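Grab a pencil and have the 3D view ready. Try each exercise on your own before you read its solution.

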Amino acid sequence: MADPKGFLTHDRELPQRRPVDVRIRDWREVYDDFPAEKLTRQAARCMDCGIPFCHNGCPLGNLIPEWNDLVYRDDWREAIERLHATNNFPEFTGRLCPAPCEMACVLGINADPVAIKRVEVEIIDRAFAEGWVSPQPPVARTGKKVAVVGSGPAGLAAAQQLTRAGHDVVVFERADAIGGLLRYGIPEFKMEKRNIDRRIEQMAAEGTEFRTGVNVGVDVTAAQLRAEFDAIVLAGGATAWRDLPVPGRDAEGVYQAMEYLPPANKGFGDSGISAQGKHVVVIGGGDTGADCIGTAIRQGAASVTQLEIMPKPPADRPGSQPWPTFPMLFKMESAHEELAEMGGDRVYAVSTTEFVKDAEGRLAALRLVDVEGPAAGFKPVPGTEREIPAQLVTLAMGFLGPEKGGLLSELAELSAGEFFDPRGNVARNTSYETGVDGVFAAGDMGRGQSLIVWAIAEGRSAAAAVDEFLTGQTALPVAIPPTARPLV
């Protein structure tokens, strides 16, 4: 273990965010560097808890106490080995995961939990800086070919595992660059894209082939894929977004978040839909909504307002969500801090009733009403109707599952059983295989909208199932079964 008294002598500490008035002028990550001596103290807070529940909170089963102890002992080289043993991409999870491991930390029962995410990201950044992250090509090739459809975290994890097992892997991506939503859905200020690029370079050197600009199901059919490849992994995500069908939805200026963020991320705010000089409203209180806030502020919005239909979450863990479950708490992300600095609002328990258009059909305002909580069915509160100005609205209300049609429709016709589960996701058996022989599904496409850490865990686990399907056995680790769910 680390320092036996570390959790008693050191408080939780995280790196400082750069000043708001400085960081909103660029697209770089918002955090300042974290001194090594401070990180060592944070690692020392990991206690000898007997049963490390952080393992249960993390679907990857990250060996958190082990690499905390190694960082405390200044053995960074071994720390990255232990981190990579369970996680292909800690530079992604360390920046983007909401850290269910920290919510399950035993120290968190009656104190601030260990800063697990910060230790994780510092380990991998140190490893890249020292040149310890190198290609790991397979010792021998199996001659088997695998197609991975989708290059988000699930697809990339499956591809890397299968390539290292000796298979010839081709990753298909319909966008013009690899990364899925990591590339164009996540703003640069949350994760700079150099983190993706250096992983892609490693994977290409290991033997993974990447084909961009290929919309599987349109440019390539399922029949063609099945004829060319011995196995297929579907990892296209849950990209069918939830809409808001109220009067005026067709107004010019109302966009889905994933219509707004990708062009902004491609041009760092200088291309596509611009918020410059506009009153912006973000509908949806989650991480995607926060991404829209930070992007609009950097584009020069006149004002930004965030709306959420749910009541404001509590600041502290409620009794109905006890340790070690992942509680729904009020969060102050960097974008929310920027919003507060510019005088913007986060409005809870409110519903949009109409998008108001001007004479030319452009969005001019939103009509709102307060609503009672979910227990009351979000019933409108009489007398709370009002209107706020808006020239740009982004809908960040989550996703409803994978996009139907094209590839999935073609595979559904070939399926021996029900191809979709009752929630509309791709159905899998206990080995991640769909009803079509040799076709597997990993990540949000089979699980539904979830966290990046679950996507990587599913990609790794599906890779093991594919490897066994192709060779009759596997030495690849299985992080979770497809039926695994978060602690609740």
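Here come five exercises on this predicted model, each with a worked solution.

**Exercise 1: Domains and the core**

Find out which domains the chain is assigned, and which of them the largest nonpolar core draws on with at least three residues each.

*Solution.*
- Step 1. Start with the domain assignment: it gives domain 1 (5-130), domain 2 (145-239 + 400-471) and domain 3 (243-397).
- Step 2. Look at how domain 1 and domain 2 meet. Their centres, taken over C-alpha atoms, are 28 Å apart, and 25 residues of domain 1 are in contact with 25 residues of domain 2.
- Step 3. Now pick out the largest nonpolar core, which has 69 residues. The members that touch the most other members are Trp67, Val71, Ile123, Val146, Val233 and Val466. Helix α19 (residues 452-471) supplies the largest share of this core, with 11 residues.
- Step 4. Check the core against the domains: at least three of its residues come from each of domain 1 and domain 2.
- Step 5. Zoom in on Val233. Setting aside neighbours within four places in sequence, Val233 is in contact with Val146, Ala147, Val148, Val149, Ala158, Leu162, Phe440, Ala442 and Val466.
- Step 6. Put this next to a general trend: in soluble globular proteins, nonpolar side chains tend to be buried together.

**Exercise 2: A strand with two partners**

Work out which strands pair with β7, in what sense, and which helices lie on the way.

*Solution.*
- Step 1. Locate strand β7 at residues 303-308; 5 of its 6 residues are buried.
- Step 2. Take the β6 partnership. Strand β6 (residues 279-283) pairs with β7 in the parallel sense, over 5 bridges. To see one of them, find valine 280, whose bridge partner in β7 is valine 304.
- Step 3. Trace the chain from β6 to β7: the path goes through helix α15 (residues 287-298), and this β-α-β crossover is right-handed.
- Step 4. Turn to strand β8 (residues 345-348), which pairs with β7 in the parallel sense over 4 bridges. Here threonine 305 stands opposite aspartate 345 of β8.
- Step 5. Trace the chain once more: β7, helix α16 (residues 334-341) and β8 form a right-handed β-α-β unit.

**Exercise 3: The covered part of α16**

Which residues of α16 are buried, and which elements do they pack against?

*Solution.*
- Step 1. Go along the helix and list the buried residues: Ser334, Ala335, His336, Glu338 and Leu339.
- Step 2. Think about helix geometry: an α-helix has 3.6 residues a turn, so residues three or four places apart point the same way.
- Step 3. Look at what the buried residues of α16 pack against: α2 (20-23), α15, β7 and β8.
- Step 4. Follow the chain beyond the helix to glycine 343, whose phi is positive, near 85 degrees.

**Exercise 4: Two aromatic pairs**

The structure holds 7 aromatic pairs. Is the pair of phenylalanine 53 and tryptophan 323 stacked, tilted or edge-to-face?

*Solution.*
- Step 1. Read off the geometry: the ring centres are 4.8 Å apart, with 55 degrees between the planes.
- Step 2. Apply the cut-offs. Under 30 degrees would be stacked and over 60 edge-to-face, so an angle in between counts as tilted. This pair is tilted.
- Step 3. See where the rings come from. Phenylalanine 53 sits in the loop between α3 (36-44) and α4 (54-57), tryptophan 323 in the loop between β7 and α16, and they are 270 residues apart.
- Step 4. Try the pair of phenylalanine 419 and phenylalanine 420: at 5.2 Å centre to centre and 90 degrees between the planes, this one is edge-to-face. Phenylalanine 419 is buried, with a relative accessible area of 2%, whereas phenylalanine 420 is partly exposed at 24%.

**Exercise 5: Buried or exposed?**

Sort asparagine 62 and asparagine 110: is each buried or exposed?

*Solution.*
- Step 1. Asparagine 62 lies in the loop between α4 and α5 (64-72). Its relative accessible area is 4%, so asparagine 62 is buried.
- Step 2. Check its surroundings: not counting residues up to four places away in sequence, asparagine 62 touches His55, Trp67, Thr86, Asn87 and Glu120.
- Step 3. Asparagine 110 is in the loop between α8 (100-103) and α9 (116-130). With a relative accessible area of 69%, asparagine 110 is exposed.
- Step 4. Finish with a distance: the C-alpha atoms of asparagine 110 and tryptophan 323 are 9.9 Å apart, though 213 residues separate them along the chain.

Key. Residues are numbered from 1 along each chain as its sequence is written. This is a predicted model: local features need pLDDT of at least 70, side-chain atom pairs count only at pLDDT 80 or more; totals for chains, interfaces and linings use all residues. Side-chain values use heavy atoms; hydrogens and water are left out. A nonpolar core is a set of buried Ala, Val, Leu, Ile, Met, Phe, Trp, Tyr and Cys residues joined through side-chain atoms within 4.5 Å. Buried means under 20% relative accessible area, exposed over 50%, partly exposed in between (1.4 Å probe, protein chains only). Helices (H or I, at least four residues) and strands (E, at least two) are DSSP runs, numbered from the N terminus. Domain bounds come from an automatic or database domain assignment. Contact means heavy atoms within 4.5 Å. Two strands pair if DSSP finds at least two bridges between them. A crossover is right-handed if, with the strands pointing away from the viewer, the path from the first strand over the helix to the second runs clockwise. Rings of Phe, Tyr and Trp (its six-membered ring) pair if their centres lie within 6.5 Å; planes under 30 degrees apart count as stacked, over 60 as edge-to-face and the rest as tilted.
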